[in-house]
Amino acid sequence: MKLAAIETPRSRQEELGQFLTAAPVADFMASMFGPLPRTVRLLDAGAGAGSLTSAFVSRCCESRDDVRIIEATLYELDGEILDTLAETMRECEQRCAEANIRFTFTIHAADFIQEMSARLAGDLFDTYPPTFDAAIVNPPYRKIGIDSAERRALRSIGVETSNLYTGFIALIQRLLVPGGQMVGITPRSFCNGPYFRPFREDFLMHLELRRLHVFESRQAAFRNDSVLQENIIFHAVKGWNQPAELTISSSSGEPGDAITETVFPFTEIVHPRDPEKFIHIPSAASHATAKETMDGLRTSLASLGLTISTGRVVDFRLKDALRKEPGRDTVPLLYPCHFNGGTVHWPKSDARKPNAILDNDQPRPWLVPSGVYLLTKRFTSKEERRRLVACLFDPDEVKAEWVGFENHLNYFHVSGHGLERTLALGLFAFLNSTGVDQYFRRFSGHTQVNATDLRTLAYPDRDTLEAMGHEVKSFDLSQDEIDQLVTKHLHACR
Ligand SMILES: C[S@@+](CC[C@H](N)C(=O)[O-])C[C@H]1O[C@@H](n2cnc3c(N)ncnc32)[C@H](O)[C@@H]1O
């Protein structure tokens with residue numbers, strides 16, 4: 001079926017979080033549902049032009065499941081898209097009639113978050129929340145501020161979350177009957193973002209994951225939209241027992257493209273003892289490399305006596321103290337732009353960032369005493385080959401008593417002081433290895449590396465890290481050389 005072209009201005013599109021699903025992706029999502037009951041009460045929240053319900057209807061009309069009645073409930077806030085939505089629903093009605101399925105639909109031109117939160121909280125006199133057997137959803141994505149109306153509405157039913165999309169999913173979960181199914185396409189950020197931890201707990205407690213699908217390209221899933229997030233599709237069932245195994249599939253997102261599927265033990269997707277409940281999403285090839293590096297590692301950062309923190313210099317808050325060039329009254333200030341092939345190049349005269357920060361004997365809560373520190377970038381551009389980039393800060397190269405690390409980088413330290421050099425060099429090799437990068441990509445869909453991610457990683461023991469460190473004689477090692485060095489020592493310690 002062809003949907004009429006929708007032209008929504010960019011600013012309004014962003015406000016509404018409106019990114020419409022391309023038909024092949026919608027069909028693929030509909031194909032992910034398991035067996036359906038004869039009567040399906042279907043929810044399509046944030047329905048847009050109705051492509052998801054339309055794809056669901058097509059699946060049912062192919063009579064794979066013996067569905068006889070579809071009662072569709074659709075929520076859509078954008079008044080300008082409602083005519084197209086109604087038209088799509090009439091086409092669905094017609095196709096269902098031809099397939100001998102009774103199709104009814106109700107379009108609510110209302111705010112799904114406000115209405116369902118109120119109904120679930122029991123605030124609306126005499127109206128009970130509806131229940132659904134199936135939900136298909138591409139929810140709107142937009143951050144919701146701590147005091148926004150959406151946040152307050154969600155909080156009233158015990159949902160604390162910072163994005164519209166997780167708010168939608170949390171509400172839909174509550175509206176499903178036990179055994180009810182949801183197929184959703186969302187950004188991958190909820191899988192490991194620290195702010196999404198309460199959402200992940202809620203999600204994994206009440207929904208059994210049945211399948212996850214990842215796209216190899218960021219933009220594959222959406223028509224003409226520059227969607228910067230990586231997306232995943234999940235199929236989940238309302239219930240309380242996660243499966244022993246989970247199928248992860250991936251494709252490029254191009255129509256007709258081959259889909260690769262791999263089955264993983266569920267304990268490799270969500271580690272049973274992980275308090276953060278990260279959802280790891282391996283792909284077949286990277287899985288092998290990551291597994292080879294990480295298997296059997298048990299040492300925590302804390303047991304190595306190390307801590308990781310985010311750089312304390314938040315530059316826009318300390319504007320008056322920043323200096324382009326170092327002077328007698330300043331100390332070095334390090335940004336990611338000072339990273340230079342494994343070590344630090346400072347000062348950088350052509351840098352757009354300041355090189356120094358004033359040190360005027362005030363308390364120095366944002367400075368650290370000079371020493372050997374291992375630094376990692378918090379953000380990498382999506383063109384960069386690696387997500388995890390580690391470099392060594394060497395006090396012999398940058399002479400100073402104190403040093404400032406800017407907020408766009410993380411630094412490993414020992415109670416606020418530098419590390420022993422060999423250990424730092426071992427960590428340098430380990431973190432820059434392909435296996436750790438691949439491992440990291442399994443659960444991080446975006447380009448940010450949070451201190452929490454590195455804090456919860458498992459590391460080789462101290463002896464192994466030091467043995468690696470002894471062998472790092474220069475910083476211009478190729479990726480192959482780093483990988484060989486790390487693999488050799490990990491094999492030796494197993
Ligand atoms: C990401 S789009 C997806 C549209 C459609 N489901 C699809 O897949 O093509 C999300 C839709 O949710 C709508 N929307 C945004 N906020 C909403 C709200 N609070 N209640 C209901 N709909 C909302 C937007 O107007 C937009 O059409």
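This briefing walks through the domains, the two sheets and the ligand surroundings of the structure above. Please keep in mind that the model is predicted. The protein chain is assigned two domains, domain 1 (10-281) and domain 2 (302-493). One open sheet has 9 strands, another has 5 strands, and a ligand is surrounded by 21 residues.

**The two domains**

- Domain 1 covers residues 10-281, while domain 2 covers residues 302-493.
- Taken over C-alpha atoms, the centres of domain 1 and domain 2 are 39 Å apart.

**The sheet of 9 strands**

- A helpful reminder before you look: strands of a sheet pair through backbone hydrogen bonds, and they may do so in parallel or antiparallel fashion.
- Reading across this open sheet, the strand order is β3-β2-β1-β4-β5-β7-β6-β8-β9, and the pairing is mixed.
- At the edges you will find β3 (102-108) and β9 (260-265), each of which pairs on one side only.
- From one strand to the next, the twist averages 15°.

**Following the parallel pairs from β2 to β5**

- Strand β1 (residues 39-45) pairs with strand β2 (residues 69-75) in the parallel sense, over 7 bridges.
- Leucine 42 is a good residue to start from: its bridge partner in β2 is alanine 72.
- Leucine 42 also stands opposite alanine 134 in β4, where β1 and β4 pair in the parallel sense over 2 bridges.
- From there you can step onward, since alanine 134 stands opposite glutamine 181 in β5.
- β4 and β5 are likewise paired in the parallel sense, over 5 bridges.

**Buried or not: β4 and β9**

- How many of the residues of β4 are buried? The count is 6 of the 6, so β4 is largely enclosed by the rest of the structure.
- Edge strand β9 is hardly covered, with a count of 0 buried residues among its 6 residues.
- β9 is joined to strand β8 (residues 245-251) by 6 bridges, and the two strands run antiparallel.
- If you want to find this pairing on screen, look for glutamate 245, which stands opposite proline 265 in β9.

**Helices lying across the sheet**

- Helix α4 (residues 82-98) lies across β2 and β3, and runs at about 170° to β3.
- Helix α7 (residues 164-175) lies across β1, β4 (132-137), β5 (176-187), β6 (207-215) and β7 (231-238).
- The direction of helix α7 is at about 165° to β5.

**The sheet of 5 strands**

- This open sheet has the order β11-β15-β12-β19-β16, again with mixed pairing.
- Its edge strands are β11 (322-323) and β16 (367-369), and each pairs on one side only.
- Strand β12 (residues 330-334) runs parallel to strand β19 (residues 402-405), and 2 bridges join them.
- Within that pair, leucine 333 stands opposite glycine 404 in β19.

**Around the ligand**

- Which residues are the closest to the ligand? Of the 21 residues surrounding the ligand, they are Leu20, Thr21, Gly46, Gly48 and Asn138.
- Helices α3 (51-61) and α5 (112-121) each supply at least two residues of this shell.
- By type, the residues of the shell divide into 11 nonpolar, 7 polar and 3 charged.

Methods
Residues are numbered from 1 along each chain as its sequence is written. This is a predicted model: local features need pLDDT of at least 70, side-chain atom pairs count only at pLDDT 80 or more; totals for chains, interfaces and linings use all residues. A residue is near a molecule or strand if its C-beta atom, placed from the backbone, lies within 6 Å of it. Helices (H or I, at least four residues) and strands (E, at least two) are DSSP runs, numbered from the N terminus. Ala, Val, Leu, Ile, Met, Phe, Trp, Tyr, Cys and Pro count as nonpolar, Asp, Glu, Lys and Arg as charged, and the others, Gly among them, as polar. Domain bounds come from an automatic or database domain assignment. Two strands pair if DSSP finds at least two bridges between them. Axes are lines fitted to C-alpha atoms, for helices over the stretch in contact, and angles run from 0 to 180 degrees between N-to-C directions. Two residues are in contact if their C-beta atoms, placed from the backbone, lie within 7 Å. A residue is buried if 20 or more other C-beta atoms lie within 10 Å of its own, exposed if 12 or fewer, and partly exposed in between; C-beta atoms are placed from the backbone.
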